[in-house]
Every structure is written in C-alpha cells, then in structure tokens.
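Reader: I have a structure to go through before setting up calculations. Can we take it question by question?

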Amino acid sequence: MTDLSDEARTLNEWSRQLTQALQILDLEIDHERIVQVARDTADAVSPSAGTVSAFLIGYAAGNKDTRGRKGSGEAVESAADVVMQVCRKGVADGPDKNGWTKTGQ
C-alpha cells in the first residue's frame, strides 16, 4: 500500500515531468484540490466525471489571461470553485435552468 507521502512525492515528480514536457514551467499545482474535485465530481456524477472535470479546470484556467504563478493558481482555483458549484447543484440543475453568469473564465 502506498502511503500519502509516497503518493505526494509521486504526484510532485509526475507534475514536474509534465510541466517540463508541456513547457509550462511557472505552474505550481495544488494536487490535493484537483484530486478532491475529481473525487467529488466522480462520486456525484459518474466515475469518468472526475477526469473530465479536472481537464476542464485546466482548460478554463489555461484560457484565462494570467501573469505568472499567482495568476495561474488563481485561475485554477476559480475554475475548481465553479466546478464544485455545478457539482453541488447536480446534473438536473444545469445552466439552462438558472444561468451561470459571472462563472466564466
């Protein structure tokens, strides 16, 4: 069984390799936040929803005009917050019902 510190080290190393390969060196990743959002959405919607949610957080954050680490981190956190708002509302209460103004990146 892998303990938490081993998993954290593995995720840090994996992230470092990916950010270098993708040439996004100024990005620091809040692994716990992304993993928690992925787990929560997977539990609330479907097993694959976690993966899709994590991708969409990254995509939305990547499309936001940011400057450096602080801006990138804030963009990721903002996108994660929106995903969790949608998750709490559930699939049946989508944007067509009440709208999602001011949640766009």
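Reader: Is Ile-24 buried, partly exposed or exposed?
Author: This is a predicted model, and the answer is computed from it. Ile-24 lies in the loop between helix H1 (4-21) and helix H2 (31-44). Its relative accessible area is 34%. Buried needs under 20% and exposed needs over 50%, so Ile-24 is partly exposed.

Reader: Which residues make a nonpolar surface patch with Ile-24?
Author: The patch covers about 390 Å². Ile-24 sits in the loop between H1 and H2. The other members of the patch are Trp-14, Leu-18 and Leu-22.

Reader: Which residue in that loop has a positive phi?
Author: Most residues other than glycine have a negative phi. The residue in question is not a glycine, and its phi is near 55°. At 69% relative accessibility it counts as exposed. It lies in the loop between H1 and H2, and it is Gln-23.

Reader: How far is Asp-26 from Ser-72 in space, C-alpha to C-alpha?
Author: Asp-26 is also found in the loop between H1 and H2. At 38% relative accessibility, Asp-26 counts as partly exposed. In sequence, Asp-26 and Ser-72 are 46 residues apart. In space, the C-alpha to C-alpha distance is 8.4 Å.

Reader: What secondary structure pattern does the chain follow?
Author: The protein chain has five helices. It has zero strands. Read along the sequence, the pattern is α-α-α-α-α.

Reader: Which element has the lowest mean pLDDT?
Author: The mean pLDDT of the chain is 83. Of its residues, 79% reach 70 or more. Among the elements, H2 has the highest mean, 94. The lowest mean, 54, belongs to helix H5 (residues 95-98).

Reader: Which helix gives the largest share of the largest nonpolar core?
Author: In soluble globular proteins, nonpolar side chains tend to be buried together. Here the largest nonpolar core has eight residues: Val-37, Ile-57, Ala-60, Ala-79, Ala-80, Val-83, Met-84 and Cys-87. Two elements give two or more residues to this core, helix H3 (49-63) and helix H4 (68-89). The largest share, five residues, comes from H4.

Reader: Which residues does Ile-57 touch, leaving out those up to four places away in sequence?
Author: Ile-57 belongs to the largest nonpolar core. Several of its contacts are core members too, among them Val-37 and Ala-79. With close sequence neighbors left out, Ile-57 touches Ile-34, Val-37, Val-76, Ala-79, Ala-80 and Val-83.

Reader: What percentage of the residues in the chain is buried?
Author: The cut-off for buried is under 20% relative accessible area. The protein chain has 105 residues. The buried share of them is 23%.

Reader: How much of the accessible surface belongs to carbon and sulfur atoms?
Author: The accessible surface of the protein chain comes to about 7,700 Å². The share that belongs to carbon and sulfur atoms is 54%.

Reader: What share of contacts joins residues at least 24 apart?
Author: The count takes contacts between residues at least 6 apart in sequence. Among these, the share joining residues at least 24 apart is 42%.

Reader: Which residue meets Arg-16 in a salt bridge?
Author: Side chains of opposite charge can pair when their charged atoms come close. Arg-16 is partly exposed, at 39% relative accessibility. Its partner is three residues apart in helix H1, so about one helical turn separates the two. The N to O distance is 2.5 Å, and the partner is Glu-13.

Reader: Which residues does Arg-33 link up with in a network of salt bridges?
Author: The structure holds four salt bridges. Glu-77 and Arg-33 meet in one of them, at 3.0 Å, N to O. This pair links helix H4 with helix H2, 44 residues apart. Asp-81 meets Arg-33 at 2.5 Å, so the residues linked with Arg-33 in the network are Glu-77 and Asp-81.

Reader: Is Asp-81 buried, partly exposed or exposed?
Author: Asp-81 is in helix H4, 48 residues from Arg-33 in helix H2. The relative accessible area of Asp-81 is 32%. That value lies between the 20% and 50% cut-offs, so Asp-81 is partly exposed.

Notes
Residues numbered from 1 in each chain as written. Predicted model: local features only at pLDDT ≥ 70, side-chain atom pairs only at ≥ 80, totals over all residues. Heavy atoms only, no water. Core = buried A, V, L, I, M, F, W, Y, C linked by side-chain atoms within 4.5 Å. Buried < 20%, exposed > 50% of the residue type's maximum accessible area, 1.4 Å probe, protein only. Helix = DSSP H or I, 4+ residues; strand = E, 2+ residues; numbered from the N terminus. Contact = heavy atoms within 4.5 Å. Areas by Shrake-Rupley, 256 points an atom, 1.4 Å probe, with all protein chains shown as cover. Patch = residues over 30% accessible without salt bridge, like charges linked within 9 Å, V, L, I, M, F, W, Y side chains within 5 Å. Salt bridge = Lys/Arg side-chain N within 4 Å of Asp/Glu carboxyl O. pLDDT = per-residue confidence, 0-100.
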